[in-house]
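Dear colleague,

I am passing on a structure that I should like you to look over, with particular attention to its charged side chains. The file comes first, and my notes on it follow.

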Amino acid sequence: MTLLARLATTPEPPPAGPGWRGVDLGFPVAALPEEEFIELAAVVERRDLVTVCVDSTIGAGTITDDFGTDLEELRVLAERCPALGTRQVRVGSPTNTGLHADDWEYRVLRRLRELALRAEQADLVLLHPSTGGWPDGAEARLGHLLTEAGTPALRLLHTTGAGPLTAFVAERTAHVRVADAGSARLAEELALLAAHGYRGALTLADDDAGAGSALQALASGRAEP
């Protein structure tokens with residue numbers, strides 16, 4: 001039985017053990033100084049870990065922020081992700097700053113399309129949250145976002161318990177973070193994901209994890225499943 005199938009039958013995840021070798025690097029990898037990144041990549045390789053995805057600050061600001069900053073971060077990640085053995089990068093949608101909603105949405109779509117096309121060229125996949133950033137009609141807007149991007153290099157990240165999981169979201173999800181491991185609802189969400197063909201990784205969300213604690217955990221042999 002696969003890990004996904006086992007988790008879908010119980011709200012309690014199995015304890016961390018030798019079989020849990022995946023790490024979800026929940027800090028902006030591109031922001032690390034070169035020496036620290038080299039150390040990180042060496043630890044990941046030495047411990048034979050699988051980097052599921054990395055975090056970024058792409059789309060974390062406002063729509064009036066300099067888009068060049070996001071493009072530069074993506075360029076750095078295109079160089080660093082191969083060293084970590086991952087293609088997946090978490091991104092977001094820049095928030096509105098007084099623009100008309102239609103203007104804001106147009107600018108968001110244009111930016112994410114450009115980022116996704118560049119990610120495709122770099123063999124990366126951008127993961128956009130399945131909830132958050134869209135004030136209304138989230139599912140329709142997400143569908144528009146993915147359609148406008150026009151590339152499989154932009155997919156969805158679903159965090160369990162953060163919002164409703166629909167068939168639409170399940171079919172377009174490329175990564176799942178488990179944030180409510182003790183919830184009975186978790187089993188339902190995992191079952192729906194499995195029913196729609198999800199075969200990706202599951203990682204445990206830890207909002208308090210920063211670069212320092214993550215590096216310490218890796219170096220000491222403790223990896224986030």
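E72 is partly exposed, with a relative accessibility of 38%, and in this predicted model its side chain meets that of R75 in a salt bridge with an N to O distance of 2.6 Å. R75, for its part, has a relative accessibility of 41% and so also counts as partly exposed. The two residues lie three apart in helix 3, which means that about one helical turn separates E72 from R75.

The residue that follows in my notes, E73, is found in helix 3 as well, which covers residues 67–84. E73 is buried yet forms no salt bridge, and the nearest side chain of opposite charge, that of R80, is 9.0 Å away. Since a salt bridge requires a side-chain nitrogen of Lys or Arg within 4 Å of a carboxyl oxygen of Asp or Glu, that distance for R80 does not qualify. Setting aside residues up to four places away in sequence, E73 touches P28, A30, S56, T57 and I58.

The count of salt bridges comes to 11. One of them is formed by the side chains of D55 and R90, at 3.7 Å from N to O. This pair links distant parts of the chain, for D55 belongs to strand 2 (residues 50–55) and R90 to strand 3 (residues 88–90), with their positions 35 residues apart in sequence. R90 has a relative accessibility of 6% and therefore counts as buried, the cut-off being under 20%.

A further salt bridge joins the side chains of E171 and R172, with an N to O distance of 3.3 Å. Both partners count as partly exposed, E171 at a relative accessibility of 43% and R172 at 27%. As for networks, salt bridges that share partners join D24, D55, R90 and R177 into one.

Finally, what does E148 contact, once its neighbours within four places in sequence are left aside? Under that condition E148 is in contact with L109 and R113. E148 is found in helix 5, which spans residues 138–149, and with a relative accessible area of 36% this residue is partly exposed. E148 and R113 are 35 residues apart in sequence, while their C-alpha atoms are 6.6 Å apart in space.

With best regards

Conventions
Residues are numbered from 1 along each chain as its sequence is written. This is a predicted model: local features need pLDDT of at least 70, side-chain atom pairs count only at pLDDT 80 or more; totals for chains, interfaces and linings use all residues. Side-chain values use heavy atoms; hydrogens and water are left out. Helices (H or I, at least four residues) and strands (E, at least two) are DSSP runs, numbered from the N terminus. Buried means under 20% relative accessible area, exposed over 50%, partly exposed in between (1.4 Å probe, protein chains only). Lys and Arg count as positive and Asp and Glu as negative; His and the chain ends are not counted. Contact means heavy atoms within 4.5 Å.
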